Amino acid sequence: SEAPTVATRGVFDRLHDGHRNMLSAAAAAATTRLVVGVVSSAGGKEHGDMIQDAQLRAQSVAAYLASCCSEGLAVDVVVDDD
């Protein structure tokens, strides 16, 4: 199904096929805008001290979405400090 705006969030550490599949599905469902929150902290994740910097993860997500989203889709990738 489609919606004007779709939002999702995650850690997105070391972008892999599972992340790319989920981001592609979110982009396909959005008709106007896609908002992706990149969680800044590792929270309770195992080996949280090894998680990449949040800005680097956000850049990786944005670069991937730029390569796969339709040109008419507004994409916002933000670091989520919660």
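Me: Which residues of H1 are buried?
Reply: Buried means under 20% relative accessible area, exposed over 50% and partly exposed in between, with a 1.4 Å probe and protein chains only. In H1, a helix by DSSP (H or I, at least four residues; strands are E, at least two, and both are numbered from the N terminus), the buried residues are His19, Leu23, Ala26, Ala27 and Ala29.

Me: Why are they on the same side of H1?
Reply: The arc is taken from the directions from the helix axis to the C-beta atoms. They lie on the same side because the arc they cover is only 165°.

Me: On what basis are these values computed?
Reply: This is a predicted model, with local features needing pLDDT of at least 70 and side-chain atom pairs pLDDT 80 or more, while totals for chains, interfaces and linings use all residues. Residues are numbered from 1 along each chain as its sequence is written, and side-chain values leave out hydrogens and water and use heavy atoms.

Me: Which residues on the other side of H1 are exposed?
Reply: The buried residues of H1 are covered by elements including strand E1 (3-10), E2 and H2. On the other side, the exposed residues include Asp17, Asn21 and Ala28.

Me: Which side chain of opposite charge is nearest to Arg57?
Reply: Arg57 is in helix H2 and is buried. Arg57 has no salt bridge, that is, no side-chain nitrogen of Lys or Arg within 4 Å of a carboxyl oxygen of Asp or Glu. Lys and Arg count as positive, Asp and Glu as negative, and His and the chain ends are not counted. At 4.5 Å, the nearest is Asp13.

Note on methods: Contact means heavy atoms within 4.5 Å.
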